[in-house]
Amino acid sequence: MTIMDQLVLRRDGLVPKGVAATCSGARCGGTALVWRVRLEGRPELTVHDTRWENGERDLVLYQPAMVPEMPAPLSNLHNRRRAGVQETAPGSEELRVMGWVAVPGDRPTVKKTFTTADFVEVCGLDELRELTSRPDVVLDSAYVLPDPVRFDLDDPQDDVSVQHALFFPEEDERTPVVFFLLSRVVPTLRHIGWLPKPVRRMPVRS
């Protein structure tokens, strides 16, 4: 699968994970679904989609034993800024991953709230449209809001900053990985010059 016409994503099997801290701070083992990310002329990157034994799940840019030489902002993103994957309700077959963005830097931080227009500018309008064109994949508010906000990628709102999330079916393995790359990894790849900066191209209102 090709993302942004440049990143190539492929699944590469399962690996056991030793005892480590989950997003909630619990310590347990797990199993990671491995994804390889290739950008022409650059070192390959690895994403782990880990299902922990306590039922938690998260995505992270995994740091292998031998890390190829790369700029510090990308190297320092390894094993940081995980994205938790959660059920929207107990027993639900719908899952959610938060649309938090890893802000590039030597020690990456996280920005949680955006207008939809700003979120689209960071993650990519075409890429988000492609993701949400898949069956039962929806970009929406992470939480119930007291006042309705439009999450329309044909006319992204630029008035209210909210926390975005992507909702997707439990059996869809690729969608959360692509969303993780767009929000957690791609901003740093642009920051270090491995990907071009996005051109602001907002939809034309009819």
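The following questions and answers concern a core, a pocket and one aspartate in a predicted model.

Residues are numbered from 1 along each chain as its sequence is written. In this predicted model, local features need pLDDT of at least 70 and side-chain atom pairs count only at pLDDT 80 or more, while totals for chains, interfaces and linings use all residues; side-chain values use heavy atoms, without hydrogens and water.

Reader: Which helix gives the most to the largest nonpolar core?

Author: A nonpolar core is a set of buried Ala, Val, Leu, Ile, Met, Phe, Trp, Tyr and Cys residues joined through side-chain atoms within 4.5 Å. The largest one has 45 residues, and Val-47, Leu-182 and Leu-189 touch the most other members. With 9 residues, the greatest contribution comes from helix 4 (residues 174–191), where a helix is a DSSP run of H or I of at least four residues, numbered from the N terminus.

Reader: Is Asp-49 buried or exposed?

Author: Asp-49 is found in strand 4 (residues 45–52), a strand being a DSSP run of E of at least two residues. Its side chain makes a polar contact with the side chain of Arg-51 (3.1 Å); such a contact is a pair of N or O atoms within 3.5 Å, one able to donate a hydrogen and the other to accept it, and residues adjacent in sequence count only if both atoms are side-chain atoms. Because its relative accessible area is 0%, and buried means under 20%, exposed over 50% and partly exposed in between (1.4 Å probe, protein chains only), Asp-49 is buried.
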